[in-house]
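Here are my notes on the sheets in this model. Please read them with the structure open.

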Amino acid sequence: MRIRLFTVIAVLLVASACGDKKAADPTEPSKTPTTATTTQPTAIATGEPVPAKLDVAPGRIGKVHVGMTVAEAAATGFFNTNVKYPADDCRGTVALEWKAPYKGQVDVLLTPSKRIAAMGVAKTLMTDKGIGIGSSLGDATFAYAQALSLPAEAGYGQTGVYVNSGDNWLGFLVNEKFSNVTPNSKITFMEVTKGAKPDLMRDGC
């Protein structure tokens, strides 16, 4: 009985090996269904910018630079132009306005000749060195070292620190009096300009 059992097992193993060889035969048509690879559309494909591509640096946000004309800025794909607000809205018609998801997070100020004068960041975006809203002055000092200015009064009981590269500027606002600022003070607003140092102020219309 023991010899017969071993004989049966051996026969089954040989049959199994033959079956495996047949399944692996390249001349046999594949029975495995194929799945087509699809590529999900990006935000750019639908006309919206990709959030991860925007960083903040002196004089620019992503590929949008201070000094651009309205037409040049619109060509980047990040803006709507001639946006009309209701009659009871003091903004009237806005020549240049960030598209979603940046609308309400980043602003743009224009000169009388319709060139970008400044751009401010109130949330979400970070600098090319990893500093953003909520970072501390200590974080900014570590990131920019001696390139970062000493704290200075910025008006309305607030404090500013600045970085410049040539005539391009990046400013950080802290919502604390100059005398109260510490390395743990948090950044609440950022602004980029060219030529003039950022005011770090926004007034409603």
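1. A caution to begin with. This is a predicted model, and the points below should be read that way.

2. The three-stranded sheet. Three strands make up an open sheet. Their order is 1-2-3, and the pairing is antiparallel. Strand 1 (56-57) and strand 3 (64-65) are the edge strands. Each has a single partner strand, so one side of each lacks a neighbour in the sheet.

3. Pairing of strands 1 and 2. Strand 2 covers residues 60-61 and runs antiparallel to strand 1. Two bridges join this pair. Look at Ala57: its bridge partner in strand 2 is Arg60.

4. The six-stranded sheet. This sheet is also described as open. Read across it and the strand order is 6-7-11-10-9-8, with antiparallel pairing. Which strands stand at the edges? They are strand 6 (106-110) and strand 8 (152-155). Each pairs with a single strand, so one of its sides has no neighbour in the sheet. On average, neighbouring strands here are turned by 30 degrees against each other, direction ignored.

5. The strand 8 edge. Strand 8 pairs with strand 9 (residues 158-165) in the antiparallel sense. Three bridges link the two. Within this region, Glu153 stands opposite Thr159 of strand 9.

6. The helix on the sheet. Helix 3 (residues 137-144) packs on the six-stranded sheet. It touches strand 9, strand 10 (168-174) and strand 11 (187-194). What angle does the direction of helix 3 make with that of strand 10? About 155 degrees.

Methods: Residues numbered from 1 in each chain as written. Predicted model: local features only at pLDDT ≥ 70, side-chain atom pairs only at ≥ 80, totals over all residues. Heavy atoms only, no water. Pairing = 2+ DSSP bridges. Helix = DSSP H or I, 4+ residues; strand = E, 2+ residues; numbered from the N terminus. Axes fitted to C-alpha atoms, helices over the stretch in contact; angles between N-to-C directions. Contact = heavy atoms within 4.5 Å.
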